[in-house]
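Dear colleague,

Please find below the structure I am handing over to you. My findings follow it.

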Amino acid sequence: MEGRPPVDPKVMAAITAALAAAGLLPGFEIRRIRPLGGMSLWKRAGLLSLMEQRELGRFRK
């Protein structure tokens, strides 16, 4: 297969999942779908902002 670019693993996973969902791959089943990346930076910044606003003095001894 010289001269051909390698197949991106994300593309291969999407194709395999589509074939399995259509029932065209006997013996394969989709058990879970999860994102590859971590938490969105916007969501993380929002959670951090909310956490910084919390009053933690009543829990300290």
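The notes below take the chain as a whole, then each helix in turn.

This is a predicted model, in which local features need pLDDT of at least 70 and side-chain atom pairs count only at pLDDT 80 or more, while totals for chains, interfaces and linings use all residues. Residues are numbered from 1 along each chain as its sequence is written, and side-chain values use heavy atoms, with hydrogens and water left out.

The protein chain contains 2 helices and 0 strands (DSSP runs, H or I of at least four residues for helices and E of at least two for strands, numbered from the N terminus). Of its 61 residues, 2% are buried (buried means under 20% relative accessible area, exposed over 50%, partly exposed in between, with a 1.4 Å probe and protein chains only). The accessible surface of the protein chain is about 6600 Å², and carbon and sulfur atoms account for 61% of that area (Shrake-Rupley method, 1.4 Å probe; for residues, only the protein chains shown count as cover).

Helix H1 covers residues 9-21. Its 13 residues should span 18 Å at 1.5 Å a residue, and the end C-alpha atoms are indeed 18 Å apart (the expected span is 1.5 Å times one less than the number of residues). Ala17 is found in H1 and counts as partly exposed because its relative accessibility is 31%. Ala17 and Phe28 are 11 residues apart in sequence, with their C-alpha atoms 9.0 Å apart in space. Just after H1, Gly23 takes a positive phi of about 80°.

Leu24 lies in the loop between H1 and helix H2, and counts as exposed because its relative accessibility is 56%.

Helix H2 comprises residues 41-53. The expected span for its 13 residues is 18 Å, and its end C-alpha atoms are 19 Å apart, which agrees. The number of buried residues in H2 is 0, so the helix lies largely in the open.

Yours sincerely
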